[in-house]
Amino acid sequence: MDSANAISRFIDQPALDAIATPLSRAIRVAYDSAGPAGQQAKNAMHGVWLGHPLHPVFTDLPLGAWTTGLVLDAVASVNRDRGMARAADVAIAVGLAAAAGAAVTGLTDWSETSGRSRRTGLVHGLLNIAATTLYATAYLLRKNGSRSSGQTCALAGYSIAIGAAWLGGDLVYGQRVGVTHAAVDAPGAFTVMANSTEVPDDSMKRARKDDADLLLVRQRGRVCALAHPCAHMGGPLSEGTLKNGSVVCPWHGSEFGLDDGHVINGPATQNQPSLDARERDGRIEVKARA
C-alpha cells in the first residue's frame with residue numbers, strides 16, 4: 001500500500017507534464033504532417049480496424065516471451081542444457097521484436113491522453129524503455145559469452161517490466177484508458193427526447209432523460225441519435241464539429257458516422273452507440289437499436 005501511495009504521489013507531480021505535453025504534441029504533429037496517409041497510419045496503430053486498441057495485443061508478447069526465457073534459463077541451469085539456453089536467447093529476441101510494436105502503438109494511444117493519464121502513461125513508457133534496454137543488453141551479453149551477466153540483466157529487466165505492467169493495468173482499470181466511455185442506458189420503447197423545433201437542420205443537441213444521455217442530430221432533414229459521451233474518453237460530442245454525415249469529438253478528434261456510429265477516425269476504436277430515432281407529432285423519439 002505504501003509503495004502504491006508513493007507511486008501515486010510521484011505521478012501527480014506537475015513536473016512530469018513538462019516532458020509529457022511537448023512529447024505527446026510532437027507525436028500528433030508527426031502523424032498530422034503526413035496528411036491522409038498519416039491519419040490512416042494513426043488509425044491502424046490505434047486499432048480502429050480491430051475494433052479495440054491494438055496496443056494490448058502487443059503488450060502480451062514481450063512479457064510472455066521474457067517469462068518463457070526466464071523459465072528456459074532456469075531449466076538450462078539445472079540440467080546444463082545448451083539447447084534450452086539457446087531457446088532462452090530466442091525467447092528474449094522475440095520479446096525485443098514485440099516490444100517495438102508495443103512501443104509504437106502505445107505511444108500513439110498515449111499521445112491522445114491528458115492529465116493524470118498522460119503522466120501515468122509517461123512513467124509506464126519510461127519503465128518499459130528501461131526494461132527493454134536491459135533485455136537488449138542481456139541479449140548482447142549472452143551472445144558474447146557472458147551468460148551470467150546476461151541473466152542478471154534479464155532478471156532486472158523483467159522486474160521493471162512487471163512494474164510497468166502494473167501501471168498499464170491502472171491506466172485501463174483505474175483510469176479507463178482504452179475502455180469505452182459511451183455506454184448508454186437506452187429506452188426499450190420509443191421515448192420522447194426533444195421537440196422537433198429544438199433541433200433545426202444541420203444542428204446538434206444534447207438530450208437527457210432519466211439515465212439516457214444522447215446526441216440528437218438533424219442533417220439533410222433526417223434525425224439521428226448517438227450516445228453523447230465520446231467512446232474514447234467521454235468527450236461531449238454536442239460541443240464538437242458536425243460534418244457531412246459525421247460528428248468529430250472536440251477533445252481528441254475521434255470521428256463517428258451519424259447513421260450507425262461507426263468509427264471513421266480514431267483515437268476511438270469502438271463504435272459510438274447509435275439509437276433508432278423518429279419524429280412524431282412534432283417530437284423526436286428514440287429507442288434502443290436492435
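The lining of the largest pocket comprises 24 nonpolar, 17 polar and 2 charged residues, where Ala, Val, Leu, Ile, Met, Phe, Trp, Tyr, Cys and Pro count as nonpolar, Asp, Glu, Lys and Arg as charged, and the others, Gly among them, as polar. The model described here is predicted, so that local features need pLDDT of at least 70 and side-chain atom pairs count only at pLDDT 80 or more, while totals for chains, interfaces and linings use all residues. Residues are numbered from 1 along each chain as its sequence is written, and side-chain values use heavy atoms, with hydrogens and water left out.

## The largest pocket

A pocket is here an open set of points, on a 1 Å grid over the protein atoms alone, where a 1.4 Å probe fits and where protein lies on both sides within 12 Å along at least five of seven lines; lining residues have an atom within 4 Å of a point. The largest pocket holds about 1100 Å³ of space, a volume being the space filled by probe spheres set on the points, which are joined across faces, edges and corners. Its lining is made up of 43 residues, and those that lie nearest the centre are His55, Thr59, Ala102, Gly106 and His124. At least two lining residues come from each of the helices α4 (55-79), α5 (82-110), α6 (115-143) and α7 (147-174), and α6 gives the largest share, with 9 residues. Helices (H or I, at least four residues) and strands (E, at least two) are DSSP runs, numbered from the N terminus.

## The six-stranded sheet

An open sheet of 6 strands, paired in the antiparallel sense, follows the order β1-β10-β9-β4-β3-β2. Its edge strands, each of which pairs on one side only, are β1 (191-195) and β2 (203-209). On average, neighbouring strands of this sheet are turned by 30 degrees against each other, direction ignored, with axes taken as lines fitted to C-alpha atoms, for helices over the stretch in contact, and angles running from 0 to 180 degrees between N-to-C directions. Two strands pair if DSSP finds at least two bridges between them, and three of the pairings are set out below.

| Antiparallel pair | Bridges | Residues that are bridge partners or stand opposite |
|---|---|---|
| β4 (222-227) and β9 (274-280) | 2 bridges | alanine 225 and leucine 275 |
| β9 and β10 (283-288) | 6 bridges | arginine 280 and arginine 283 |
| β1 and β10 | 4 bridges | threonine 191 and valine 286 |

Strands β9 and β10 also form a hairpin with 2 residues between them, and aspartate 281 in that turn has a positive phi of about 55 degrees.

## Backbone exceptions in the loops

Most residues other than glycine have a negative phi, and most peptide bonds are trans. Aspartate 202, although not a glycine, has a positive phi of about 60 degrees; this residue lies in the loop between β1 and β2 and is exposed, with a relative accessible area of 51%. Here buried means under 20% relative accessible area, exposed over 50%, and partly exposed in between (1.4 Å probe, protein chains only). Arginine 220, likewise not a glycine, has a positive phi of about 55 degrees; arginine 220 sits in the loop between β3 (212-219) and β4, and its relative accessibility of 61% makes it exposed. A cis peptide bond, with omega near 20 degrees, leads from glycine 266 to proline 267, and proline 267 belongs to the loop between β8 (263-265) and β9.

## Further loop residues

Histidine 181, found in the loop between α7 and β1, counts as buried at 17% relative accessibility. Apart from residues up to four places away in sequence, histidine 181 touches Arg176, Pro229, Cys230, Ala231, His232, Met233 and Gly234, where contact means heavy atoms within 4.5 Å. Tryptophan 251, in the loop between β6 (246-248) and β7 (255-257), is in contact with Met233, Gly234, Gly235 and Pro236 when its neighbours within four places in sequence are left aside. From C-alpha to C-alpha, tryptophan 251 and glycine 125 are 23 Å apart in space, and they are 126 residues apart in sequence.

Proline 200 has its place in the loop between β1 and β2 and counts as partly exposed at 45% relative accessibility. The C-alpha atoms of proline 200 and glycine 101 are separated by 46 Å, and the two residues are 99 residues apart along the chain.
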